[in-house]
Amino acid sequence: MNVREPAPGVLHFEEDYRVYCTLVRGQDAAILWDTGQGRLDLKDWMDARVTTPYRVMNSHGHADHIGGNRRFDRVYAPRPDWPLLEAYSNLTDRRPPAYDILPLEAGQVYDLGGLTARVVDLTGHTAGSLGLLLEERRLLLAGDGLNPTLLLLGQEAAPLSFLRRTLEEVRALPFDEYLSSHSPRPIPKAMVDVHLAHLDCLRLEAPSHPGPYGPRVCRSQYKAAGLRSVLWIDRRLDDRENAL
Ligand SMILES: [Zn+2]
C-alpha cells in the first residue's frame with residue numbers, strides 16, 4: 001500500500017487506486033478522515049495502528065469517500081450530505097446505513113493531544129464538503145473540496161458563488177499545504193489563489209461530443225504560478241449573473 005507521512009502524526013494512504021484517506025494520530029485520540037471505496041478492511045487497518053480512541057469522519061458524501069463506513073459503529077459526516085450516505089447504503093446493502101451517522105460541522109474542534117483538528121467549511125464540490133485543519137502542522141485535509149481538477153456536478157454540488165466564498169475564506173486560514181483525496185502528495189496553498197484567479201476569468205466551453213460528465217457539464221482551465229486549475233461545472237450551477 002502507498003502510505004506517506006507528510007507531517008508528524010499524519011498518514012496519507014491509498015485505500016484504492018488514486019483514492020486516499022488520512023489517519024491523524026495525537027497522543028490521546030485519533031481521526032480517520034474518509035473511508036475510501038471500501039475495498040480495504042479499514043477497521044482491521046486502524047486496529048493495527050491506533051491504540052487510542054478514534055473518530056471516523058467523512059469529508060463529504062461521495063461514494064469513494066464513504067465506502068468503508070459500514071465497517072464502523074458510528075461515523076461523523078456533514079449533514080447536507082447525509083442523503084448521499086443513505087442513498088449509497090440503499091444501493092449497496094439495500095437497507096439504511098448499518099452505522100450511526102453523527103453531525104460533523106464547521107467550527108468543531110478536536111484536541112487529539114498535542115494536535116488540534118478544526119473542522120472548516122469547504123462548500124462547493126458538494127453542499128456539505130468540509131475540511132480538517134491540523135493547526136500545529138499548518139496542514140489542511142481538504143477531501144475533494146480544493147482538488148486541482150475541481151468538480152461541481154450533480155444535485156449535490158453548490159453554485160459557483162458558494163465556491164468563491166469558500167475559496168476566499170480558505171485563503172485566510174493558517175496553513176501552508178493541503179492534502180487532497182486524489183493526490184499522494186501535499187499541494188501548496190497557492191493552488192487556492194489560482195482557483196480564485198480562475199473564477200475571475202472563467203471560460204466555460206461546452207464539451208465536444210458529450211463530455212465525460214454529460215452534455216450539461218462545461219470545462220474551463222487556467223494556468224498560473226506553475227499550477228493548473230481545471231473546473232468542470234454543471235451549467236445549472238453557474239449563478240454568476242445572479243451573484244452580481
Ligand atoms: Zn467527491
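1. The sheet with β8 to β14. An open sheet of six strands, with mixed pairing, runs in the order β8-β9-β10-β11-β13-β14. Its edges are β8 and β14 (187-188); each has a single partner strand, so one side of each is left without a neighbour in the sheet. The model described here is a predicted one.

2. The hairpin of β8 and β9. Strand β8 covers residues 109-111 and strand β9 covers residues 116-121; the two run antiparallel and are joined by three bridges. One pair to look for is D111 with T116, its bridge partner in β9. Four residues lie between the strands of this hairpin, and G113 there takes a positive phi near 90°.

3. From β9 to β10. On to strand β10 (residues 130-134), β9 is joined by five bridges, and these two strands also run antiparallel. Two pairs can be used to follow the register: A117 stands opposite L134 in β10, and V120 stands opposite G131. As general background, strands of a sheet pair through backbone hydrogen bonds, either parallel or antiparallel.

4. The strands at the start of the chain. Strand β1 (residues 3-7) pairs with β2 in the antiparallel sense, over three bridges. Within this pairing, V3 stands opposite F13 of β2. The two strands form a hairpin with two residues between them, and in the turn G9 has a positive phi of about 85°.

5. β2 and its second hairpin. β2 also pairs with strand β3 (residues 19-25), in the antiparallel sense and over six bridges. Here the bridge partner of V10 is V24 in β3. This hairpin, too, has two residues between its strands; in its turn R18 has a positive phi of about 60°. How many residues of strand β2 are buried? For β2 (residues 10-16) the count is seven of the seven, so the strand is largely enclosed by the rest of the structure.

6. Helix α3. This helix spans residues 82-93, which makes 12 residues. From its first C-alpha to its last it reaches 16 Å, close to the 16 Å expected at 1.5 Å a residue. Which residues of α3 are buried? They are W82, L85, Y88 and S89. Seen down the axis of α3, the buried residues fall within an arc of 125°, so they line one face of the helix. These buried residues pack against α2 (63-66), β6 (74-78) and β7 (100-104). After the helix comes R94, which has a positive phi, near 60°.

7. The zinc site. Which residues coordinate the zinc ion? The ligands are H60 through NE2, H62 through ND1, H125 through NE2 and D144 through OD, at 2.1 to 2.3 Å. Along the chain, the donors follow the spacing H-x1-H-x62-H-x18-D. Of these ligands, H60 and H62 are buried.

8. Geometry at the zinc ion. The angles among the four donor atoms run from 89 to 168°, and the site is irregular. For reference, the ideal angle at a metal with four tetrahedral donors is 109.5 degrees. Four donors count as tetrahedral if all angles lie between 85 and 135 degrees; the upper value found here, 168°, lies outside that range. Water is not among the atoms, so sites may look incomplete. A reader looking at the zinc ion should keep that limit in mind when reading its four donor atoms.

Conventions: Residues numbered from 1 in each chain as written. Predicted model: local features only at pLDDT ≥ 70, side-chain atom pairs only at ≥ 80, totals over all residues. Heavy atoms only, no water. Donors = N, O, S within 2.8 Å, 3.2 Å for Na, K, Ca; no water. Tetrahedral: all angles 85-135°; square planar, octahedral: opposite > 155°, others 65-115°. Buried < 20%, exposed > 50% of the residue type's maximum accessible area, 1.4 Å probe, protein only. Expected span 1.5 Å × (residues − 1). Arc of directions from axis to C-beta. Contact = heavy atoms within 4.5 Å. Pairing = 2+ DSSP bridges.
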